[in-house]
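Work through the exercises below with the model open. Try each task before reading its solution.

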Amino acid sequence: MHTDGQIFAIKRYAIHDGPGIRTTVFLHGCPLSCWWCHNPEGRLAAADSALAPYKATVDEVMAEVRQDAVFYEQSGGGVTFSGGEPLAQIDFLEALLQAARKERIATAVDTHGHSKYQAFERILDLVDLFLFDIKIFDNNEHKQHTGVSNELIFANLEALARSGRNIRVRIPLIPGVTDSDTNLTHIARYVAGLDHIGGIDLLPYNRLGTHKYQQLGIPDERAGLKTQAPEELEQMRSLVAGYGFTVNLGGGA
Ligand code: SF4
């Protein structure tokens with residue numbers, strides 16, 4: 001069991017990473033390479049010291065997380081482990097989840113799903129809510145835009161659904177890539193066939209992270225993308241809701 005790991009940020013008072021007021025801990029490392037990633041420092045070895053991941057122990061992380069325990073209780077919030085891909089450091093993640101459970105702090109894990117299912121099995125009983133990202137239904141397009149096949153991701157979502165755990169599916173709305181009617185319809189139809197999906201979060205595109213690309217000295221391929229207009233978002237929300245889901249625009253609940 002690793003009692004320390006690599007993180008790149010801790011965000012307090014987060015309201016888009018699960019229910020209530022939360023603290024989000026970002027673990028470093030991700031096996032995907034989505035070109036629109038707004039946390040490029042979460043998967044690259046940043047040379048810039050302001051963006052470089054840093055070592056933290058479970059105790060250090062929990063010291064920060066427990067500072068807002070009173071807000072979690074009042075708001076139905078808790079701690080969310082995100083990334084990068086938090087399951088990429090499964091020993092550290094498991095130790096963090098155990099520590100949170102010991103302190104009765106509600107837990108969520110925001111995963112991109114591309115990990116061995118054995119890693120999920122290790123944390124099943126320690127996670128109150130899985131936030132499970134699905135990006136692109138078509139496998140060729142998925143490979144083209146993220147660098148990996150989506151087969152493992154779907155297999156993991158199906159296994160997680162069979163396990164009876166609480167899951168919300170999240171779709172990042174990348175203009176012209178993930179936000180098409182076709183992609184949203186395919187994903188919504190597929191997810192409607194699974195059990196224990198508590199709802200779908202549609203995450204509107206934003207330009208966050210531009211300065212990070214500059215600091216990292218790598219091209220920001222998102223330069224031409226425009227944020228979706230409110231009426232477009234409402235249309236997407238109603239398309240997905242048509243499959244019987246509670247749909248949140250943004251990730252709070
Ligand atoms: S899965 Fe998330 S963290 Fe990983 S590259 Fe894609 S957007 Fe970035």
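**Exercise 1.** Sort the residues of the shell around the ligand into nonpolar, polar and charged.

Solution. This is a predicted model. Start with the residues around the ligand: C30, L32, C34, C37, R43, G84, H112 and K135. Cys and Leu count as nonpolar, Arg and Lys as charged, and Gly as polar. The shell then divides into 4 nonpolar, 2 polar and 2 charged residues. Last, place the ligand: the space it takes is the largest pocket.

**Exercise 2.** Give the strand order of the open sheet, then find which strands stand at the edges and why one side of each is left without a neighbour.

Solution. Trace the 9 strands across the sheet: the order is β3-β1-β2-β4-β5-β6-β7-β8-β9. The pairing is mixed. Now look at the edges, where β3 (54-57) and β9 (247-249) stand. Each has a single partner strand, so one side of each lacks a neighbour in the sheet. From one strand to the next, the twist averages 30°.

**Exercise 3.** Determine how β1 and β2 run, parallel or antiparallel, and how many bridges join them.

Solution. Take β1 (residues 4-14) and β2 (residues 22-27). They run antiparallel, joined by 5 bridges. For one point of register, A14 stands opposite R22 in β2.

**Exercise 4.** Identify which strands helix α3 touches, and which strands helix α9 lies across.

Solution. Begin with α3 (residues 90-102), which packs on the sheet. It touches β1, β2, β3, β4 (78-83) and β5 (107-111). The direction of α3 makes about 155° with that of β5. Move on to α9 (residues 230-241): this helix lies across β8 (197-203) and β9. It runs at about 160° to β9.

Terms used
Residues numbered from 1 in each chain as written. Predicted model: local features only at pLDDT ≥ 70, side-chain atom pairs only at ≥ 80, totals over all residues. Heavy atoms only, no water. Pairing = 2+ DSSP bridges. Helix = DSSP H or I, 4+ residues; strand = E, 2+ residues; numbered from the N terminus. Axes fitted to C-alpha atoms, helices over the stretch in contact; angles between N-to-C directions. Contact = heavy atoms within 4.5 Å. Near = heavy atom within 4 Å. 1 Å grid on protein atoms, 1.4 Å probe; cavity = no way out; pocket = protein on both sides within 12 Å on 5 of 7 lines; lining within 4 Å. Sits in = over half its atoms within 2 Å of the grid points.
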